Amino acid sequence: MPLIAFVFAVLVVVGAPARAQAPGFECARLQPAVGRVPAYGLVDGPARCEGFFARNVSQPFIELVSLTRGLAVAGDAAAASLFELHADARMPLRLLVQPLRSGPFYRVDAPLAVGQSLRWDSSPMLAATGLRVADLGFLALAPSRQATPSALTAVAPLALSPQAREARQALAVVRVSVPVSSIAWRAYRAGAEAGPAAAWSDLPNSQRYAWQRIGITIDLPPDGKGLRVDVQAVAADDGRALPLLRFAIVGPADAAAD
Amino acid sequence: MPLLTETLRQQRAALSAQLANSLAAGDTPLAELRDLRDRLAMLDGALAALAANAPRRLWQLLWPVLAVAGVLSIAAGVAVPVVPLSLDLQSTAVTLVLAEASTLSPVVVAGELRIEGFSTLESADDSLVRAAKAELADRIVVRADELRLRSLQLPAGTRLTLRALAGAVELQVESERPPVVAEIELRGRTALLLNDAAGALERRFDHGEWLRLVSGDTARPAQPPPPMLLALARPGESVLRWTDLRPQALQFTERRASAGAGAVAAVGSSIEAGRLTLPATGETLPLSAGDGLALDGLVVERFEVAAGATLSLKLSGSARRLELRTGEFSRSLKPSWLEYAARHHLVNLLWGSAAVLWGALAWIRRQVGGWVR
């Protein structure tokens with residue numbers, strides 16, 4: 001009987017942090033890294049998942065690693081370790097902080113409540129990874145309505161400081177998994193307001209080695225509606241296009257993610 | 001014999017009561033008491049001799065043997081619930097039952113892609129969307145310099161059939177719920193043929209364009225979408241490969257050409273050759289053309305389909321149902337508990353059987369020995 005009581009007590013203790021998290025928030029389904037501390041998982045304090053994880057990369061791809069409001073981290077914020085993160089959207093979002101560089105595979109997930117700022121301390125992540133603030137990518141992901149895993153990613157531009165909240169431009173940072181000879185992009189309206197698709201524009205000097213990143217400056221619509229963005233990269237070795245990177249930018253006036 | 005035993009027992013009971021009474025009286029002569037004691041001893045001897053000589057019933061001797069035989073028969077007759085397996089085979093067609101929502105990873109299609117059975121076409125190229133709406137298009141043929149089936153999104157419970165044809169791979173999607181979504185990416189000179197339109201829509205996408213073909217209406221989740229058929233050109237020796245599907249069941253059937261109009265199309269096995277390994281028993285079974293194989297309750301660790309001139313499948317995992325059919329003869333390939341124990345707990349099994357046999361023999365010897373003595 002004491003053994004059963006002990007096992008039960010252990011289960012309660014182990015289960016306790018899971019109950020403490022915000023309703024509807026759970027860690028991303030990742031394989032926590034073996035032998036690296038901290039391994040990805042729920043951490044104490046406000047609902048947050050953080051740590052190293054394992055990842056396999058197979059197909060060549062372009063991926064979005066950061067979408068922030070304002071063009072650069074302001075001087076003060078770059079030195080500070082404490083961020084006041086805010087995304088202007090009518091839906092709860094999910095914060096994802098990850099390195100802009102190819103490694104290490106370390107990420108932070110946290111819920112972003114509607115209309116509220118999130119104070120996030122970058123020092124545990126910087127201490128664990130040895131990265132600088134300038135190496136961090138920030139995404140505010142909208143929940144997907146569709147159950148299928150590859151539904152279009154919807155992201156709201158995240159302001160890293162109160163000064164950046166009024167900025168009318170967003171900076172998207174993308175990176176490629178293979179060497180590319182050029183990168184082009186286009187932004188257009190979605191749904192009923194779709195007009196003729198915007199023309200593609202080539203990013204100047206966009207030749208990149210594998211895992212290098214490039215920034216794209218996107219003008220946010222003044223009416224607060226969302227945008228669709230396509231990014232195309234041409235592989236350096238065979239001249240063929242990589243699978244397109246497509247994502248939706250959620251505007252402050254958008255009711256729900258597409 | 002039982003009558004004699006009974007008489008002796010009654011006499012013994014009376015005699016022991018008489019001895020007790022005589023002892024209680026206190027004044028019985030010693031000679032009389034000795035006489036009573038000797039008679040009791042003789043009666044005990046006679047009863048013991050009778051008991052030893054009594055013939056044993058057969059079941060009394062054989063029940064340990066029967067018990068061992070029963071346990072062994074059950075162990076040999078009852079199959080283990082889940083069997084680990086690895087499968088490597090070639091077939092012309094395979095049907096995958098996908099219990100969970102799945103997405104096919106991107107594949108490059110050389111030349112031409114044909115899709116039938118979609119309800120709406122979406123694209124950033126507005127003119128294509130309008131053309132598809134005007135035509136009420138439900139099928140499209142796309143030819144482009146660079147063509148990729150970016151993804152095929154399948155809801156939970158979808159049946160996906162892959163067929164290897166000459167120069168193409170055919171994917172048939174039957175889903176119980178919407179939506180089934182095929183995403184295509186094109187680049188370079190492109191020709192699109194909607195429905196049976198005579199003229200193709202010619203485009204030149206220097207950077208690229210995407211098409212999203214949706215089958216079914218998400219607003220009506222109870223309405224199954226129409227079946228979607230995708231034919232992917234596969235020139236020459238090229239191979240299309242998918243490694244990220246996790247089927248729950250696999251069926252290898254193909255429809256054969258029927259004798260004539262109205263005749264029921266014959267359904268046969270699509271297996272051409274293969275090898276099935278059961279690590280539980282260390283058995284390797286060769287599969288030959290026409291063998292019927294059915295797998296269900298799969299938990300897949302690795303699953304790979306390479307579609308060339310034939311489909312080449314590699315699977316490792318475990319199955320709840322594993323049946324091989326050769327002609328009319330069908331049998332389960334799941335090993336019995338006995339086979340499983342023989343393979344995995346051989347030393348335990350040997351010691352266990354030795355102990356049980358020794359016990360059974362000791363029992364029989366005791367019984368038979370008493371009889372002989």
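This report describes the overall form of chain B, the pairing of two of its helices, its contact with chain A, and one residue of chain A.

The model is predicted. In chain B the secondary structure amounts to six helices and 23 strands. The C-alpha trace of this chain spans about 135 × 45 × 45 Å along its principal axes, and its radius of gyration is 39 Å, where a compact globule of 373 residues would have a value near 21 Å. Of the 373 residues in chain B, 28% are buried. Among contacts in chain B with a separation of 6 or more, 74% join residues that are 24 or more positions apart.

Two helices of chain B can be described together, namely α1(B), residues 2–25, and α2(B), residues 30–53, whose axes come within 10 Å and cross at roughly 155°. Because angles over 145 degrees count as roughly antiparallel, α1(B) and α2(B) are roughly antiparallel to each other. The crossing in which α1(B) passes α2(B) is left-handed. On the side of α1(B), the residues that make the contact include L4(B), L8(B), L15(B), L19(B) and L23(B), while those of α2(B) include L33(B), L36(B), L40(B), L43(B), L47(B) and L50(B). Charged residues also take part, among them R9(B) and R12(B) of α1(B) and E32(B), R37(B) and R39(B) of α2(B).

Chain B also meets chain A, with 18 residues of chain B in contact with 18 residues of chain A. The elements β7 (139–154), β10 (180–194) and β11 (201–215) of chain B each give two or more residues to the side that touches chain A, and β7(B) gives the most, with five residues. The table sets out the classes of residue in the two contacts.

| Contact | Nonpolar | Polar | Charged |
|---|---|---|---|
| α1(B) with α2(B) | twelve residues | five residues | five residues |
| Side of chain B that touches chain A | five residues | six residues | seven residues |

In chain A, one residue may be looked at singly: D219(A), which lies in strand β15 (residues 213–219) of that chain. D219(A) counts as exposed because it has 10 C-beta neighbours inside 10 Å, and a residue is exposed if it has 12 or fewer. Leaving aside residues up to four places away in sequence, D219(A) touches R168(A) and Q169(A). The C-alpha atoms of D219(A) and W185(A) are separated by 13 Å, and these two residues stand 34 residues apart along the chain.

Definitions and conventions. Residues are numbered from 1 along each chain as its sequence is written. Chains are lettered from A and ligands numbered from 1 in the order in which they are written. This is a predicted model: local features need pLDDT of at least 70, side-chain atom pairs count only at pLDDT 80 or more; totals for chains, interfaces and linings use all residues. Helices (H or I, at least four residues) and strands (E, at least two) are DSSP runs, numbered from the N terminus. The radius of gyration is taken over C-alpha atoms; the globule rule is 2.2 Å times the number of residues to the power 0.38. A residue is buried if 20 or more other C-beta atoms lie within 10 Å of its own, exposed if 12 or fewer, and partly exposed in between; C-beta atoms are placed from the backbone. Two residues are in contact if their C-beta atoms, placed from the backbone, lie within 7 Å. Axes are lines fitted to C-alpha atoms, for helices over the stretch in contact, and angles run from 0 to 180 degrees between N-to-C directions. Angles under 35 degrees count as roughly parallel, over 145 as roughly antiparallel, 65 to 115 as roughly perpendicular and the rest as oblique. A crossing is left-handed if the near helix is turned anticlockwise from the far one by less than a right angle, and right-handed if clockwise.
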